[in-house]
Amino acid sequence: MLMQLMQNRWKMQKNISSSNRRPGFAILLAFLALIIFSFSCSESSPEINQIFWQITKFHDIENNIFYDRLSVFLEVYDEDGVEDIRTIYVIHDNEELFWKINEDNWVFKTFNNENWFGSNNIVMNDFSGFPFGRYRVIVIDDAGERAETTFTISSYDRRFNVNHFPSAVIENNVIIFSANTEIAWFYNQDMRFMSGMNLENIEHRTATFPANASIMFLYRFDRAGGFGLMSGPYRVERP
């Protein structure tokens with residue numbers, strides 16, 4: 001259920017590239033240490049109740065390049081209110097890598113009274129695969145109070161096979177989807193999300209491109225590999 005929730009809440013954003021290594025990583029650790037001792041203990045600390053993460057392989061069809069993206073989402077509670085949450089850091093200590101996520105680049109969703117913060121577009125700064133091992137995720141609120149959790153990326157297949165990705169052909173505003181396409185997301189020219197489509201309910205794998213949309217991304221989940229596969233952007237010309 002959680003995986004389906006995250007998949008259906010996908011938002012395309014500007015990629016959040018890794019920052020590495022020294023001196024940036026050392027400065028980050030010093031900054032986080034300073035936060036711990038600089039604020040009163042009377043403030044309410046945020047709480048991380050759940051974490052969702054997933055590797056998604058992305059095929060940029062316009063530039064014909066392939067690279068991995070990392071999705072990280074946290075269900076966070078803060079007694080002072082969710083508007084008190086300021087920053088999320090994703091950190092790989094062994095490789096001295098970190099990514100900073102804040103209100104300028106995160107996705108925020110409320111679902112069943114749960115508040116989720118995160119991003120689908122974390123990438124390595126050289127677009128390589130993500131290093132294996134333990135990742136720390138730190139949430140910091142307006143008062144500098146923090147909560148921390150971890151997840152581990154074990155071995156995954158870093159190869160790319162174009163035939164495994166969902167695809168489509170657009171002819172006269174009609175979309176013909178590949179058999180392995182599971183979800184389509186539609187956006188306008190400004191990359192504002194307009195609608196989504198579950199292809200499991202479409203018998204003949206065809207649909208009309210929505211009139212209010214100009215851009216489409218396609219998605220499927222590789223259950224054997226445990227990662228997502230996404231392709232796009234597919235575009236139609238609008239007057």
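In what order do the strands of the open sheet of 3 strands run? Keep that in mind as you open the model, which is a predicted one.

**Stop 1: the three-stranded sheet**

Select S10, S11 and S14. They form an open sheet in the order S10-S11-S14, paired antiparallel. The edges are S10 and S14 (206–208), each of which pairs on one side only. Look along the sheet and you'll see the twist: neighbouring strands are turned by 25 degrees against each other on average, direction ignored.

Now zoom in on S10 (residues 168–171) and S11 (residues 174–177), antiparallel strands joined by 4 bridges. Show Glu-171 and you'll find Val-174 of S11 opposite. The two strands make a hairpin with 2 residues between them, and Asn-172 in that turn has a positive phi of about 50 degrees.

Keep Val-174 on screen, then add Thr-208 of S14, which also stands opposite Val-174. That pair belongs to the S11–S14 contact, which is antiparallel and has 3 bridges.

**Stop 2: strand S7 and its partners**

Next, select S7 (114–123). Is S7 mostly covered or mostly open, and how many of its residues are buried? It's mostly covered, with 9 of its 10 residues buried.

Bring up its partners in turn:

- S1 (residues 16–17) pairs with S7 in the parallel sense over 2 bridges. Pick Ser-17 and its bridge partner in S7, Val-123.
- S3 runs antiparallel to S7, with 5 bridges joining the two. Here, pick Val-72, whose bridge partner in S7 is Ser-119.
- S6 (residues 107–111) pairs with S7 in the antiparallel sense, over 5 bridges. Val-107 has Gly-118 of S7 as its bridge partner.

Stay with S6 and S7 for a moment. They form a hairpin with 2 residues between them, and Asn-112 in the turn has a positive phi of about 50 degrees.

**Stop 3: the cores**

Switch to side chains. The largest nonpolar core has 26 residues, and the ones touching the most other members are Val-90, Trp-99 and Phe-130. At least two residues of this core come from each of S3 (65–77), S4 (85–92), S5 (97–102), S7, S8 (133–141), S9 (146–153) and S16 (227–235). S3 supplies the largest share, 4 residues. Apart from this core lies another, of 15 residues; to find it, select Phe-177, Leu-199, Ala-207 and Leu-218, which are among its members. As a general backdrop, nonpolar side chains in soluble globular proteins tend to be buried together.

**Stop 4: the largest pocket**

Turn on a surface and head for the largest pocket, which holds about 170 Å³ of space. Select Trp-53, Ile-55, Tyr-156, Gly-225 and Gly-226: of the 12 lining residues, these lie nearest the pocket's centre. Which strand gives the most to this lining? S2 (residues 47–60) does, with 4 residues. Colour the lining by class and you'll get 7 nonpolar residues, 5 polar ones and no charged ones.

**Stop 5: Ile-61**

Finish in the loop between S2 and S3, where you'll find Ile-61. Why does Ile-61 count as partly exposed? Its relative accessible area is 29%, and the partly exposed class lies between the buried cut-off of under 20% and the exposed one of over 50%. Then measure across to Pro-233 in your viewer: Ile-61 and Pro-233 are 172 residues apart in sequence, but 6.5 Å apart in space, C-alpha to C-alpha.

Conventions: Residues numbered from 1 in each chain as written. Predicted model: local features only at pLDDT ≥ 70, side-chain atom pairs only at ≥ 80, totals over all residues. Heavy atoms only, no water. Pairing = 2+ DSSP bridges. Core = buried A, V, L, I, M, F, W, Y, C linked by side-chain atoms within 4.5 Å. Buried < 20%, exposed > 50% of the residue type's maximum accessible area, 1.4 Å probe, protein only. 1 Å grid on protein atoms, 1.4 Å probe; cavity = no way out; pocket = protein on both sides within 12 Å on 5 of 7 lines; lining within 4 Å. Points joined across faces, edges and corners; volume = space filled by probe spheres on them. Nonpolar A, V, L, I, M, F, W, Y, C, P; charged D, E, K, R; others polar. Axes fitted to C-alpha atoms, helices over the stretch in contact; angles between N-to-C directions.
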